[in-house]
Protein chains: 2
Amino acid sequence: MTPPEPADVTRVTCVGAGVIGGGWAAHFLARGYDVTAWDPDPEAESKLRRLVDAAWPALVQLGLAEGASRDRLTVAPTLEGACAEAQFVQESAPEQLDLKRDLLARLDAATPPGVVIASSTSGYPMTDMQTEAADPSRLLVGHPFNPPYLIPLVEVVGGERTDPDAVAWAARFYDTTGKSVITMDRELPGFIANRLQEALWREALHMVANGEATVREIDDSITEGPGLRWAFMGPCLTFALAGGEGGMAHMLDHFGPSLKAPWTRLEAPELDRKLYDGMVTGCAEAAAGRSSADLVAERDQGVIDVLRATGRLPGQPVPGRGGAPS
Amino acid sequence: MTPPEPADVTRVTCVGAGVIGGGWAAHFLARGYDVTAWDPDPEAESKLRRLVDAAWPALVQLGLAEGASRDRLTVAPTLEGACAEAQFVQESAPEQLDLKRDLLARLDAATPPGVVIASSTSGYPMTDMQTEAADPSRLLVGHPFNPPYLIPLVEVVGGERTDPDAVAWAARFYDTTGKSVITMDRELPGFIANRLQEALWREALHMVANGEATVREIDDSITEGPGLRWAFMGPCLTFALAGGEGGMAHMLDHFGPSLKAPWTRLEAPELDRKLYDGMVTGCAEAAAGRSSADLVAERDQGVIDVLRATGRLPGQPVPGRGGAPS
């Protein structure tokens, strides 16, 4: 059996009631889908509804699809019930390999043949997760960024036993729902964006661990510095501009020799108590009294504003901002 | 002799007519300073004026200080002439240690006593650069981000022989000119933001070198993903939000074990011909016909839009965007 055409999908199943699973549910609801959710947590329904409610004002501002409604979220009491009529399944369970393996096998058993099942895993290759499933060919990774209802990127990649047609289908489906898809042709631990941000993140952990910078300094150094550029121009093109009219060639001529300078650390730090506490305390200080909800609202508003400001909200022309020459 | 109060400075000397030196000149001109520039290049004056002209529309949009004018740029024929009446000197010469050492000694000899001399170096510790100067106490690093006339961040740090008062003065002065200052209390190769972005950059180079991702995929993965967040919220607080209501603690509990997963490479790649060409070609492809000037204009407009959108342009309230709770 083949899956429905991506544009014909109306029902999506979201597994997992955490931040990512709830974020996916909010995304699909806002795009006008019926969403069935499941999580073994007895509090799943209230958690999910709270997550969706928190996301909704941002989604209203972005513009809801016709017919989109929070009332179209159903929380199923069983995994089997959640998957029985699914046209697409998004799994967002905790990052534990054994758990993912077993869960994906159960989802595969419960979902109609041919329907694609995507995992939100932030790091495991599907090859390692699809080992227990009867039909591994429809299992793939659809890795979102937080919050999935606002950040466009989804990295799509299959495992060794995934059907390339399933990968192509998922890419088209995500695209239909308004996501920005990068389809990878090979499994790479951490995918692309996570590998990049993980490199930065490890460096940040080292700096905190060694007392070289505080969480606030690290965050400020990004938001007041390179982060302002990365909202609309990636690190490669940004660095090319540092080469002036000579572009990347000049940049590499100029800075190439200093690439070997000891500018980043190489081993991940021990996540010992001191580092753990330093990060937790540092983040609390940086939050400066703002609650998690305050920060979520601030972040959401910021993403919308950045999207609008950089011309990526349809129908929202930016005064004075010219389009790219054709 | 002590330097003038930061608020009393009216004359700044910019040494170097490259992208960074020219960007600093544009910044100080826009803030209403008299700028004297010098560079040994016989084309220095035309290069500088071209750089300032390219930056000016963005600066007009940001709002010029009273009396600000491009006519207040003077290009001096000699280093000594450029420094004779300086109240602050910003050195932005090429990244070569011997060159920086000699140049800083010459600048020190030519500049009135007590006046602070800052280097834009993107990586050398001042301790290593101040070795030849008669008065190393006023030499320090003021590391900007490109373009210096738009990106607020300046990292300020002295060397072993730098007077802490000079460091404090420079931080106050940059702040007066509208920059966002991080004062570091110790020398750290690559400072803070560069260390972070260098980690990301090395990972990107590895991926291109290994054929794992293209320049465009790398750039898209940032601008469609984490880069959208980093324009207004740094990586630590962003990751804390991934922990949901449990914040950073939950995030570390959840993802801590996977920190050791092989998500980033550890050694810088050989910058061989293949990588070199791959980066250059990849950037040209990503530019898709846009000239360097087009990209600069696009980037500048983007930074302004992001600044405005995230409420960091004074007098530019963003519709629907609430301030942080007090």
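Ile20(A) sits in helix α1 of chain A, in what is a predicted model. Ile20(A) is also one of the residues that UniProt, in an unreviewed entry, lists under "binding site", together with Gly16(A), Ala17(A), Gly18(A), Val19(A) and Gly21(A). The points below take up Ile20(A) and Gly16(A) in turn and then turn to the chain as a whole.

**Ile20(A)**
- With a relative accessible area of 25%, Ile20(A) counts as partly exposed, because the buried class is reserved for values under 20%.
- Once its neighbours within four places in sequence are set aside, the contacts of Ile20(A) are Ser92(A), Ser120(A), Pro144(A), Asn146(A) and Pro148(A).

**Gly16(A)**
- Gly16(A) lies in the loop that runs between β1 (11–15) and α1 (19–30) of chain A.
- Gly16(A) has a relative accessible area of 5% and is therefore buried.
- Apart from neighbours within four places in sequence, Gly16(A) touches Gly21(A), Gly22(A), Trp38(A), Asp39(A), Leu48(A) and Ser92(A); of these, Gly21(A) is itself among the positions in the UniProt "binding site" record.
- Ser92(A) appears in the contacts of Gly16(A) and in those of Ile20(A).

**Chain A as a whole**
- The secondary structure of chain A consists of 13 helices and eight strands.
- Of the 326 residues in chain A, 58% are buried, and the accessible surface of the chain comes to about 12,300 Å², with carbon and sulfur atoms contributing 52% of that area.
- Among contacts in chain A with a separation of 6 or more, 69% join residues that are 24 or more positions apart.

Conventions
Residues numbered from 1 in each chain as written. Chains lettered and ligands numbered in written order. Predicted model: local features only at pLDDT ≥ 70, side-chain atom pairs only at ≥ 80, totals over all residues. Heavy atoms only, no water. Helix = DSSP H or I, 4+ residues; strand = E, 2+ residues; numbered from the N terminus. Buried < 20%, exposed > 50% of the residue type's maximum accessible area, 1.4 Å probe, protein only. Contact = heavy atoms within 4.5 Å. Areas by Shrake-Rupley, 256 points an atom, 1.4 Å probe, with all protein chains shown as cover. UniProt positions renumbered as here; feature names shortened; annotations may be inferred.
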